[in-house]
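Biologist: Could you pick one part of this model and give me a close look at it? Please also show me how it connects with the rest of the chain.

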Amino acid sequence: MTSVAKTMDRPVTSSWASIRNDLVAYAFMAPYLVLFILFLLLPAIVGVYASFTKWGIIGEPQWVGLRNYDKLINSEIFIESLQNTLYFVILAAIPLIVLGFLLALLVHQKLRFRNIARAIVFLPHVVSVAAVGIIFQWILERSSGLLNYYLGVLGVNPPINWLGEPESAMPAIAITTIWWTVNGNMIIYLAGLQDIPEELYESARIDGANGWQLTRHITIPMLLPISAFVIPLTVIACWRVFGQVFVMTRGGPQGATFTVAQFIYETAFVRFNMGLASAAGVILMLITLGFTVVQLRAMKVI
């Protein structure tokens, strides 16, 4: 009877231990959940509601239904900002992903001073967007910029007005963004590379696989879960580009670098039309969410 009673007590004890572990886990998560709800979830809900209202920050919001969305669909400025942002995503996202992976492969090699190399490559990531924008304004300046100086040495004349011409302004901002943020993807890919068992490479080498075959058949497939995280994160960040554009060009020249995020900023805090700005924010959120779902389904993650 005693053994039977002990056996009956085990599920209860096990269940209580599981509940206790869950409570401990939620206790550790609580600070983040509180901040997430207060500063992300609730503002997002308020933003969605505000997108259906006419609201000038001061005063009570007035319900207008889908009128803000109708204005945006028929707004040439907003459509142009969408096109400009998509162009930036194409210019920046693909190099950020590919170069991040290649840099991770490079600094993962068992070479001398690789820790110093990792630190040097990651260093730009800690620089503020304002500092990055000012530095690249100087580098890309037409008459006295560092880039045009060296291009002149190579025989490229006349000097290129990188930030003053519609054709070159957005590529210049994309190059700035790549230099500044590619190291973030590098760190994520590097963490994934360090989790790949070395035995897989050793077995493949014994079978006669070369470096390219190791990368193609082991490294890339093993990093698919990492890529499923990096690709949407990079694309979403590119769709939300704002700081470097605001510092370097203010949306110019001739509106060539005017992005959706800048449209939202100016609509909300210059023209004080929070309803229209919120509607633009909801559209931006739906675009990034839609891309993420499609991309994750294509990679068979969901």
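Modeller: The expected span of a helix is 1.5 Å times one less than its number of residues. Let me use that on helix H13 (274-298), where helices (H or I, at least four residues) and strands (E, at least two) are DSSP runs numbered from the N terminus. H13 has 25 residues, and the distance from its first C-alpha to its last is 36 Å, close to the 36 Å expected. After H13 comes Lys300, with a positive phi near 60 degrees.

Before going on, a word on the model: it is predicted, with local features needing pLDDT of at least 70 and side-chain atom pairs counting only at pLDDT 80 or more, while totals for chains, interfaces and linings use all residues. Residues are numbered from 1 along each chain as its sequence is written, and side-chain values use heavy atoms, without hydrogens or water.

What makes H13 a good place to start is its part in the largest pocket: with ten residues, H13 gives the most to the lining. A pocket here is an open set of points on a 1 Å grid over the protein atoms alone, where a 1.4 Å probe fits and protein lies on both sides within 12 Å along at least five of seven lines; lining residues have an atom within 4 Å of a point. The largest pocket holds about 1000 Å³ of space, the volume being that filled by probe spheres set on the points, which are joined across faces, edges and corners. Its lining has 26 residues, and those closest to the centre are Ala44, Arg240, Gly281, Val282 and Met285. Besides H13, helix H1 (2-50) and helix H12 (260-269) each supply at least two lining residues. By class, the lining of the largest pocket has 20 nonpolar, five polar and one charged (Ala, Val, Leu, Ile, Met, Phe, Trp, Tyr, Cys and Pro are nonpolar; Asp, Glu, Lys and Arg are charged; the others, Gly among them, are polar).

The pocket also brings in the domains: domain 1 (15-68) and domain 2 (69-298) each give at least three residues to this lining, with bounds from an automatic or database domain assignment. The centres of the two domains, taken over C-alpha atoms, are 28 Å apart. Their contact (heavy atoms within 4.5 Å) takes twelve residues from domain 1 and 13 from domain 2.

On the way to H12 the chain passes a cis peptide bond between Gly252 and Pro253, with omega about -5 degrees; Pro253 sits in the loop between H11 and H12.

H11 (243-248) leads to the second largest pocket, to whose lining H11, helix H3 (76-108), helix H7 (166-194) and helix H10 (224-239) each give at least two residues. That pocket holds about 510 Å³. Of its 25 lining residues, Leu233, Thr234, Ile236, Ala237 and Cys238 lie nearest the centre. H10 contributes the most to this lining, nine residues, and the classes are 15 nonpolar, nine polar and one charged.

H7 invites the span check that I ran on H13. At 1.5 Å a residue, its 29 residues should span 42 Å, and because the end C-alpha atoms are 43 Å apart, the two agree. H7 also has a kink of about 40 degrees centred on Thr181, the bend at a residue being the angle between axes fitted to the seven residues ending there and the seven starting there. In the loop between helix H6 (146-153) and H7 lies Pro158, joined to Asn157 by a cis peptide bond with omega about 0 degrees.
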